[in-house]
Amino acid sequence: MPSWNDEESSDEDINMVSMDPQLFETPDSVVEPSFCGSYTESEPTCMMHHQRPKKMVAFEGALTGRRFLGCPVQQDVGVNCGVVEWVDGPWPEILQRCLTRIWDMYHEQNLGRVNDKQAHEKEVGKLQKEIDFLSNNYSQLVEDVSKLFDYQDGKMSHDMDYTSQAINELAEKKKQLEDQAKIELSMEKLKLAKEQRCILQSQADIIQNMRKAMKELEGDRDVLKQEKKKLEYLIADLLNAGHASKDKLERIKAIMNE
């Protein structure tokens, strides 16, 4: 009677996945303490450099959470030849769709925040232009007043006091406008800093949710493996005892191996 080894079947599936040319490019990855560092075995090695690969965990789209062995060469140092071998097979289609949707939502939120930031920067630029315009007008006014002083030199001191008061008022107004602009710029900077903290918090939440989903999936997978083994033992006992049609039991085994 033939025997079935779950681990050998799993290895074959992973090797078939690793041959997919669309999965050779190194995806974005995240540091996972339980699976990191250099691969200690002599085989496999990366295709171009023949170096021992690094242990990495994907953090991109439907590949999120899948462990793989990747080329150790950093892209900013040399040519990275991509994924050497996938340790984990593809996730179930439902989980892949959920991961893709979560990443789409994350990118949509980021796009909204980028648009808000651009709008804030545009408003800040507008305020800066207004400040520059007022500063130029003030400088021109000071120049005009200086000319007026030169022209009216020797006139009544009352007129001089009036002109001096006008200059002081203009200077005070300019100071008020500059202070107001500084306050508005500070508020915009605080708002942008708050948006950045929200983005970082969203990333942390996504990582936490992905780890939780992976743990639940691994638990379900272990339960299914145990149930499959129990069913195989039961079929073998029935065949040995002659309590069932051998043909039917062989068909059941074939269905189980699919």
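With a relative accessibility of 17%, Arg-113 counts as buried in this predicted model, since the cut-off for burial is set at under 20% relative accessible area. The side chain of Arg-113 nevertheless meets that of Glu-195 in a salt bridge, with a distance of 3.4 Å from N to O. Because Arg-113 lies in helix H2 and Glu-195 in helix H3, this pair ties together parts of the chain that are 82 residues apart in sequence. Glu-195 has a relative accessible area of 23% and is therefore classed as partly exposed, so that a buried residue is paired here with a partly exposed one.

The salt bridge between Arg-113 and Glu-195 belongs to a structure that holds 7 such interactions. A further example is formed by Asp-88 and Arg-67, whose closest N and O atoms are 2.9 Å apart. This pair links distant parts of the chain, with Asp-88 placed in the loop between strand S4 (83-86) and helix H2 (93-151), and Arg-67 placed in strand S3 (residues 67-70), the two being 21 residues apart. Asp-88 counts as buried because its relative accessibility is 9%, whereas Arg-67, at 32% relative accessibility, counts as partly exposed. A salt bridge also joins the side chains of Arg-101 and Glu-108, at a distance of 3.8 Å from N to O; Arg-101 is partly exposed, with a relative accessible area of 45%.

As to the overall architecture, the chain contains 4 helices and 4 strands, and these elements follow one another along the sequence in the pattern α-β-β-β-β-α-α-α. Of the 258 residues in the chain, 21% are buried. The accessible surface of the chain amounts to about 18800 Å², and 53% of this surface belongs to carbon and sulfur atoms. When contacts between residues at least 6 apart in sequence are considered, 58% of them join residues that are at least 24 apart.

Individual positions in the two helices joined by the pair Arg-113 and Glu-195 were also examined. Ser-146 is found in helix H2 and, at 35% relative accessibility, counts as partly exposed. The C-alpha atom of Ser-146 is separated by 9.8 Å from that of Thr-163, a residue 17 positions away along the chain. In helix H3, which spans residues 157-241, Asp-222 is found, and its relative accessibility of 42% places this residue in the partly exposed class. Asp-222 takes part in a negative surface patch, which is formed together with Glu-216, Glu-218 and Asp-220. Patches of this kind are made of residues with over 30% relative accessible area and no salt bridge, and the value of 42% for Asp-222 therefore satisfies the accessibility part of this criterion.

With regard to backbone geometry, His-50 has a phi angle near 55°, which is a positive value in a residue other than glycine. His-50 is located in the loop between strand S1 (29-30) and strand S2 (54-58). At 58% relative accessibility, His-50 counts as exposed, in contrast to Asp-88, a loop residue that counts as buried at 9%.

Technical notes
Residues are numbered from 1 along each chain as its sequence is written. This is a predicted model: local features need pLDDT of at least 70, side-chain atom pairs count only at pLDDT 80 or more; totals for chains, interfaces and linings use all residues. Side-chain values use heavy atoms; hydrogens and water are left out. Patches are made of residues with over 30% relative accessible area and no salt bridge: like charges are joined within 9 Å, nonpolar side chains (Val, Leu, Ile, Met, Phe, Trp, Tyr) within 5 Å. Accessible areas come from the Shrake-Rupley method with a 1.4 Å probe; for residues, only the protein chains shown count as cover. A salt bridge is a side-chain nitrogen of Lys or Arg within 4 Å of a carboxyl oxygen of Asp or Glu. Lys and Arg count as positive and Asp and Glu as negative; His and the chain ends are not counted. The place of a charge is taken as NZ of Lys, CZ of Arg, CG of Asp or CD of Glu. Buried means under 20% relative accessible area, exposed over 50%, partly exposed in between (1.4 Å probe, protein chains only). Contact means heavy atoms within 4.5 Å.
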